Amino acid sequence: MQVLESLLNDFTKELGPINKTADLLNLKAKYIGKQGPLADVMKNLKDATPEEKRTIGAKANELKQQIEALFSQKMQEIELADINASLEKDKIDISLTDSMLEKGLQAAGYHPVTIIQQEIEDIFISMGFEVLDGPHIEDDYHNFEALNIPATHPARDMQDTFWFADKKHLLRTHTSTIQVRGMKERKPPFRFVGPGKVFRCERTDASHEMVFHQLEGMMVGENVSVGNLIYFMKTLLTEIFKKEVEVRLRPGFFPFVEPGFELDIKCLICGGKGCSVCKQVGWVELLPCGMVHPNVLKAGGIDPEKYNGFAFGLGLDRLVMMRYGIDDIRHLHGADLRFNSQFKSF
Ligand code: DAH
């Protein structure tokens, strides 16, 4: 009886500071487990008088129930505390405000190339174009052959290529690869653009990078004309620069178009008078384009007698640099947060 009387007190004392499930389970075992004092008392009961058996047995049972009740209460407390702690730890503060940003927390943002790319995609979508994707790793056929650049063609040297060791695969040197894939999957009339990264094995400097971005465009149908090409390009550039731009076409050579053009815009910095941006010419070369070569249409499964089209390859990095006044293309892949965080945040 003496043992029993002090047992509850001792248990409660030891229970107080416990805050881990494992410790709690150990404590329970210590008091009411098979090797515990309560079990001892029960074992010794066999030598007791019937009267003692009744009172001590009843007391022992009552005690066991009390300990079990205290145990489950404590268990619930610990579980609740654990849940609260993990809620606190994983908390996402959706009310994060500018004042939090001032305290040094940074919101993520879009890369300037992404901003321009999305804007241009939206412009083309509004003009009825689809937006297509294509693989970075290409084969000779899609990057060259199907674009009317056969193996011996000198135009291959215009694009220093990263070849894979198998000599069959390469990192696409331009987004024109998307043309053939796009044509094969549709029937004219259609129009689509294909933005993405392109790769060239070039020495880098302020205006050259090994990884840069283009947006390919193509429109195929009956009686598509150079007039259509100029219209779409002018509309695009006016939307991008948010003002009327003057364009001019010069002849340009690209094996996949005939005729091919270089489309220039009148320099937006000096208005055509000549400055360092336009190298004193008054015009900036912006958009190579042309009427799709019959061989390319054929490679895309399209009858060049019946259909024709235009294509263009817009360099996105130059546009980004003009828009934001960035003087070195290498900033775009520099992964410098001081640079990256200057653009639109989510
Ligand atoms: N693929 C060419 C390049 O990267 C750019 C280009 C020129 C694309 C003329 C075209 C085009 O679609 O018609 O240099």
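**View 1. Pro189 sits in the loop between α8 and β4.** This close-up, like those that follow, comes from a predicted model. The peptide bond that leads from Pro188 into Pro189 is cis, and its omega is near 0°. A second cis bond joins Glu258 to Pro259, here with omega near -5°. Whereas Pro189 belongs to a loop, Pro259 is part of strand β7.

**View 2. Helix α8 is mostly covered.** Let us step back to the helix that precedes the loop of Pro189. Six of the eight residues in α8 are buried, namely Thr177, Ile178, Gln179, Val180, Gly182 and Met183. Which elements help to cover them? Among those covering the buried residues of α8 are β2 (137–139), α7 (140–143), β4 (190–199), β5, α10 and β9.

**View 3. Thr177 is a buried residue of α8.** The helix spans residues 177–184, and Thr177 is found in it. How much of Thr177 remains accessible? Its relative accessible area is 1%, under the 20% limit, so Thr177 counts as buried. The side chain of Thr177 reaches the backbone oxygen of His174 at 3.4 Å. If we leave aside neighbours within four places in sequence, the contacts of Thr177 are Glu138, His142, Asn143, Leu147 and Arg172.

**View 4. The ligand has 16 residues around it.** Those that come nearest are His174, Ser176, Arg200, Gln214 and Glu216. In the side chain of Ser176, an N or O atom is 2.9 Å from a nitrogen atom of the ligand. For Arg200, a side-chain N or O atom is 2.9 Å from an oxygen atom of the ligand. The side chain of Gln214 also has an N or O atom 2.9 Å from a ligand oxygen. Taken alone, the ligand exposes 360 Å², and the protein buries 94% of that area. Two or more shell residues come from each of β5 (211–221), β8 (283–292) and β9 (308–315). Sorted by class, the shell holds seven nonpolar, seven polar and two charged residues.

**View 5. The largest nonpolar core has 44 residues.** Which of them have the most contacts inside this core? They are Ile120, Phe124, Leu237, Phe310, Phe312 and Leu319. The elements giving two or more residues to the core are α6 (112–126), β5, α9 (226–241), β7 (257–266), β8, β9 and α11 (316–324). Of these, α9 supplies the largest share, with seven residues. Apart from this core lies another, of 23 residues, which includes Leu170, Phe190, Phe256 and Val292.

**View 6. Phe312 is among the core residues with the most contacts.** Setting aside neighbours within four places in sequence, Phe312 is in contact with Phe124, Val193, Leu215, Glu216, Gly217, Met218, Met233, Leu287, Pro288 and Cys289. One of these partners, Glu216, has already appeared among the residues that come nearest to the ligand. Another, Phe124, is listed alongside Phe312 for its contacts within the core.

**View 7. Leu249 lies in strand β6, which covers residues 247–251.** With a relative accessible area of 28%, Leu249 is partly exposed, because this value falls between the limits of 20% and 50%. Beyond four places in sequence, Leu249 is in contact with Val226, Ile230, Phe261, Glu262, Leu263 and Cys289. Lys273 is 24 residues from Leu249 in sequence, and their C-alpha atoms are 19 Å apart in space.

**View 8. Asn148 and Asn223 each have a positive phi.** For Asn148, phi is near 65°; for Asn223, phi is near 55°. Asn148 is found in the loop between α7 and β3 (169–171), while Asn223 has its place in the loop between β5 and α9. Are these two residues buried or exposed? Asn148, at 18% relative accessibility, counts as buried because it is under 20%. Asn223 has a relative accessible area of 70%, over 50%, and is therefore exposed.

**View 9. Lys298 is found in helix α10.** This helix runs over residues 294–299. The relative accessible area of Lys298 is 53%, over the 50% limit, so Lys298 is exposed. Glu209 and Lys298 are 89 residues apart in sequence and 33 Å apart in space, from C-alpha to C-alpha.

Notes: Residues are numbered from 1 along each chain as its sequence is written. This is a predicted model: local features need pLDDT of at least 70, side-chain atom pairs count only at pLDDT 80 or more; totals for chains, interfaces and linings use all residues. Side-chain values use heavy atoms; hydrogens and water are left out. A residue is near a molecule or strand if one of its heavy atoms lies within 4 Å of it. A polar contact is a pair of N or O atoms within 3.5 Å; within protein, one must be able to donate a hydrogen and the other to accept it, and residues adjacent in sequence count only if both atoms are side-chain atoms. Accessible areas come from the Shrake-Rupley method with a 1.4 Å probe; for residues, only the protein chains shown count as cover. Helices (H or I, at least four residues) and strands (E, at least two) are DSSP runs, numbered from the N terminus. Ala, Val, Leu, Ile, Met, Phe, Trp, Tyr, Cys and Pro count as nonpolar, Asp, Glu, Lys and Arg as charged, and the others, Gly among them, as polar. A nonpolar core is a set of buried Ala, Val, Leu, Ile, Met, Phe, Trp, Tyr and Cys residues joined through side-chain atoms within 4.5 Å. Buried means under 20% relative accessible area, exposed over 50%, partly exposed in between (1.4 Å probe, protein chains only). Contact means heavy atoms within 4.5 Å.
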